[in-house]
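Q: I have a model open and would like to go through a few of its helices and a loop with you. Could we start with whatever packs around one of the helices?

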Amino acid sequence: MKFLGYDFRDLELLDEALTTPAYKIDHPKASDNQRLEFLGDAVLGFLSAEELFAKFPGEKEGKLTVRRTHMVSSVALCEAAARLDLKSSLKRNRAAEELPDNSKTLADAIEAIIGAAYLDGGMDAAREVYATLALESVRREDDEIINPKGALQVKCQAMKPQRLPVYELIACEGKAHAPEFTVKVTVEGVGEAVAKAGNRKEAETLAARTLVNMI
């Protein structure tokens, strides 16, 4: 059966890759896709590194790592899952609500399918699935403008060791109808940025936009 560009010989492997942990609510004896996800994550990391190494000769490790982190992020995998209508093939429990397009369940399933393909046909099989995903190898130039919080997180995950931005509400001042929120975002070893806005989310976004340019 051909799925995501690869013709699976062992359909049980594919079935397991499409079985979400929630499916076990109705079918306790079923094997979910978490083990295959673990394997697929490693294979995906190798394939993306291999592609970037060949595509950007001479580029330094740090920039390659940022590219790879963006390329294999949950956001990128979910976008691929949406393009390929993966959602309709997943096995979930009967009472499950509609999966949002940004659900980590979709990203996990992509990795599980890569893992299943690897077990079924080796690295060449995994490459066929990987090629079908058509993951972006170049960060969109407007990412830091449209989604600075996401861009900051991607850059932090690419660091050694990985770290996460920490957002802290410093103050909430002003009148009830016109509050002003002051937020600080900190990244260990990089620095911090403070911003003010009429709501907390906007203040976090402004602070992230300042700090992401420091990395």
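A: This is a predicted model, and in it the elements that cover the buried residues of α4 include α2 (34-55), α3 (61-71) and α5.

Q: OK, and which residues of α4 are buried?
A: In α4, the buried residues are A76, L77, C78, A80 and A81.

Q: What follows α4, and what is its phi like?
A: α4 is followed by D85, and the phi of D85 is positive, with a value near 55°.

Q: Moving along, where does N93 lie?
A: N93 lies in the loop that runs between α4 (74-83) and α5 (104-133).

Q: Buried or exposed, and why does N93 count that way?
A: N93 counts as buried because its relative accessibility is 14%, and the cut-off for buried is under 20%.

Q: What is N93 in contact with, leaving aside its neighbours within four places in sequence?
A: With those neighbours left aside, N93 is in contact with A22, Y23, I25 and D26.

Q: Different topic: at what angle do α7 and α8 pack, and how far apart are their axes?
A: Helix α7, residues 148-157, packs against helix α8, residues 200-212, at an angle of about 45°, and their axes are 8 Å apart; the two helices are therefore oblique to each other.

Q: Is that crossing left-handed or right-handed?
A: The crossing of α7 and α8 is left-handed.

Q: And which residues meet there?
A: From α7, P148, K149, A151, L152 and K155 meet E204, T205, A208, R209, L211 and V212 of α8; by class, this contact has 6 nonpolar, 1 polar and 4 charged residues.

Technical notes:
Residues numbered from 1 in each chain as written. Predicted model: local features only at pLDDT ≥ 70, side-chain atom pairs only at ≥ 80, totals over all residues. Heavy atoms only, no water. Helix = DSSP H or I, 4+ residues; strand = E, 2+ residues; numbered from the N terminus. Buried < 20%, exposed > 50% of the residue type's maximum accessible area, 1.4 Å probe, protein only. Contact = heavy atoms within 4.5 Å. Axes fitted to C-alpha atoms, helices over the stretch in contact; angles between N-to-C directions. Parallel < 35°, antiparallel > 145°, perpendicular 65-115°, else oblique. Left-handed = near helix turned anticlockwise from the far one by under 90°. Nonpolar A, V, L, I, M, F, W, Y, C, P; charged D, E, K, R; others polar.
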